[in-house]
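Let's take a quick tour of a few spots in this model. Have the sequence and the 3D view open as you read.

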Amino acid sequence: NTGSFSGKCVSYDVYGDLILDQYGCDSANTSQQYRYNADKTLTVQGGAKSGQCVWSDRATYPKLKACPAGTPEDDLVWEYDNGQLKSN
């Protein structure tokens, strides 16, 4: 993390929209914990949306939605490149 994002964590609101947590990182807050899976999807590990995938909604505003049973759509795939996660 760099600049104004340093020390902040990604969480989500009641609508499943990803947000930078205004209170900073909290290791006990499971809505701030994500798993990068072998199929290159990201799943949230806690809270009301636990198990849902991070979705690049038209590459504009990341949200959470149900993970697919088979091969994920392109907007659910995240590449880890040079320390950053990027979606199609």
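The side chain of D17 reaches the side chain of K63 in a polar contact of 3.3 Å (a pair of N or O atoms within 3.5 Å, where one must be able to donate a hydrogen and the other to accept it; residues adjacent in sequence count only if both atoms are side-chain atoms). Keep in mind that this is a predicted model, where local features need pLDDT of at least 70 and side-chain atom pairs count only at pLDDT 80 or more, while totals for chains, interfaces and linings use all residues. Residues are numbered from 1 along each chain as its sequence is written, and side-chain values use heavy atoms, with hydrogens and water left out.

K63 isn't alone around D17: setting aside neighbours within four places in sequence, S11, Y12, Y61 and P62 are also in contact with D17 (heavy atoms within 4.5 Å).

Here are two loop residues, D17 and K40, in one table. Buried means under 20% relative accessible area, exposed over 50%, and partly exposed in between (1.4 Å probe, protein chains only). Strands are DSSP runs of E with at least two residues, numbered from the N terminus.

| Residue | Loop between | Relative accessibility |
|---|---|---|
| D17 | β1 (10–12) and β2 (18–20) | 14%, buried |
| K40 | β3 (34–36) and β4 (42–44) | 33%, partly exposed |

K40 also has a positive phi, near 70 degrees, although K40 is not a glycine.

Now for a hairpin. Strands β7 (residues 78–81) and β8 (residues 84–87) run antiparallel, joined by 4 bridges (pairing takes at least two DSSP bridges between two strands). Y80 has L85 in β8 as its bridge partner. The hairpin has 2 residues between the strands, and N82 takes a positive phi near 55 degrees there.
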